[in-house]
Amino acid sequence: MRLHLIAIGRRMPDWVASGFAEYRDRLPREWGFQLHALAAPAGSKSMDATTRLRREGEALLRAVPDGARIITLDERGRAVDTRGLAQRLAGWQDDGRDVALLIGGADGLDAAVRERAEWAWSLSPLTFPHMLVRVLVAEQLYRAWSLLNNHPYHRA
């Protein structure tokens with residue numbers, strides 16, 4: 001299983017890149033966890049929200065590796081605790097398919113992307129800046145991995 005975090009937005013503050021790298025580098029190398037930062041569609045600032053969402057959605061879906069399980073990060077998704085995420089992660093690992101975690105732009109995800117997802121994951125009922133979600137996802141994956149591997153990082 002390889003993990004792919006596919007997100008709209010290339011220009012992120014240094015603290016986002018640093019925070020993401022911190023947790024990415026803690027995860028097992030065999031997962032090959034990598035970030036695919038996609039540029040916003042050309043002219044997106046002048047587009048209406050519906051067109052922008054559609055174009056971002058098309059770019060996200062094009063970036064998904066063939067056969068990968070699609071997981072969306074969506075406030076309308078299902079929240080799980082760390083143990084629940086660890087169980088999902090163990091199941092994905094046993095299945096062996098690549099996992100593509102998709103993060104939309106500031107306006108969220110297009111309906112076509114949500115329809116293709118096998119699971120919609122909500123990190124919280126709160127709304128987070130989409131760039132912060134990269135760091136949160138990486139940390140939560142590491143926390144779930146630590147729980148599965150009896151590593152002392154997760155103490156709850």
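## Contacts of H36

Contact here means heavy atoms within 4.5 Å. The structure is a predicted model. Leaving aside its neighbours within four places in sequence, H36 has contacts to H4, L5, I6 and A7. H36 itself belongs to strand 2, which covers residues 34-38. Its relative accessibility is 22%, so H36 counts as partly exposed; the range for that class begins where buried ends, at 20%.

H36 can also be placed relative to V137. The two residues are 101 positions apart in sequence, and their C-alpha atoms lie 14 Å apart in space.

## Overall architecture

The chain contains five helices and five strands. Read from the N terminus, the order of elements is β-α-β-α-β-α-β-α-β-α.

For 156 residues, a compact globule would have a radius of gyration near 15 Å, and the chain agrees with this because its own value is 15 Å. The C-alpha trace spans about 50 × 30 × 30 Å along its principal axes. Of the contacts between residues at least 6 apart in sequence, 84% join residues at least 24 apart.

## Surface and charge

Buried residues account for 46% of the 156 residues. The exposed area of the chain is about 8,400 Å², of which carbon and sulfur atoms supply 47%.

Among the side chains, 22 are positive and 19 are negative. The centres of these two sets are 2 Å apart.

## Nonpolar cores

In soluble globular proteins, nonpolar side chains tend to be buried together. In this chain the largest nonpolar core has 29 residues, and those with the most contacts inside it are F33, L101, W121, V137 and L141. At least two residues of this core come from each of strand 1 (3-8), helix 1 (14-24), strand 3 (69-78), helix 3 (82-95), strand 4 (99-103), strand 5 (119-121) and helix 5 (130-148). Helix 5 gives the most, with eight residues. A second, separate core has 14 residues, among them A59, A68, L109 and V113.

V137 shows how distant parts of the sequence meet one another. Beyond its neighbours within four places in sequence, V137 is in contact with L5, L73, L101, W121 and L123. L5 is also one of the residues that H36 contacts.

## Helix 1 and its cover

Helix 1 has the buried residues V16, G19, F20, A21 and Y23. The elements covering these residues include strand 1, strand 2 and helix 5. Helix 1 is also one of the elements that supply at least two residues to the largest nonpolar core.

## E75 on strand 3

E75 is located in strand 3. With a relative accessible area of 52%, E75 is exposed, because the exposed class takes values over 50%. Outside its neighbours within four places in sequence, E75 is in contact with S122 and T127.

The C-alpha atoms of E75 and L123 are separated by 7.2 Å, although the two residues are 48 apart along the chain. L123 is in turn among the contacts of V137.

## N150 after helix 5

Most residues other than glycine have a negative phi. N150 has a phi near 50°, a positive value in a residue other than glycine. N150 is found in the segment after helix 5. Its relative accessible area is 72%, so N150 is exposed.

Technical notes. Residues are numbered from 1 along each chain as its sequence is written. This is a predicted model: local features need pLDDT of at least 70, side-chain atom pairs count only at pLDDT 80 or more; totals for chains, interfaces and linings use all residues. Side-chain values use heavy atoms; hydrogens and water are left out. Helices (H or I, at least four residues) and strands (E, at least two) are DSSP runs, numbered from the N terminus. The radius of gyration is taken over C-alpha atoms; the globule rule is 2.2 Å times the number of residues to the power 0.38. Buried means under 20% relative accessible area, exposed over 50%, partly exposed in between (1.4 Å probe, protein chains only). Accessible areas come from the Shrake-Rupley method with a 1.4 Å probe; for residues, only the protein chains shown count as cover. Lys and Arg count as positive and Asp and Glu as negative; His and the chain ends are not counted. The place of a charge is taken as NZ of Lys, CZ of Arg, CG of Asp or CD of Glu. A nonpolar core is a set of buried Ala, Val, Leu, Ile, Met, Phe, Trp, Tyr and Cys residues joined through side-chain atoms within 4.5 Å.
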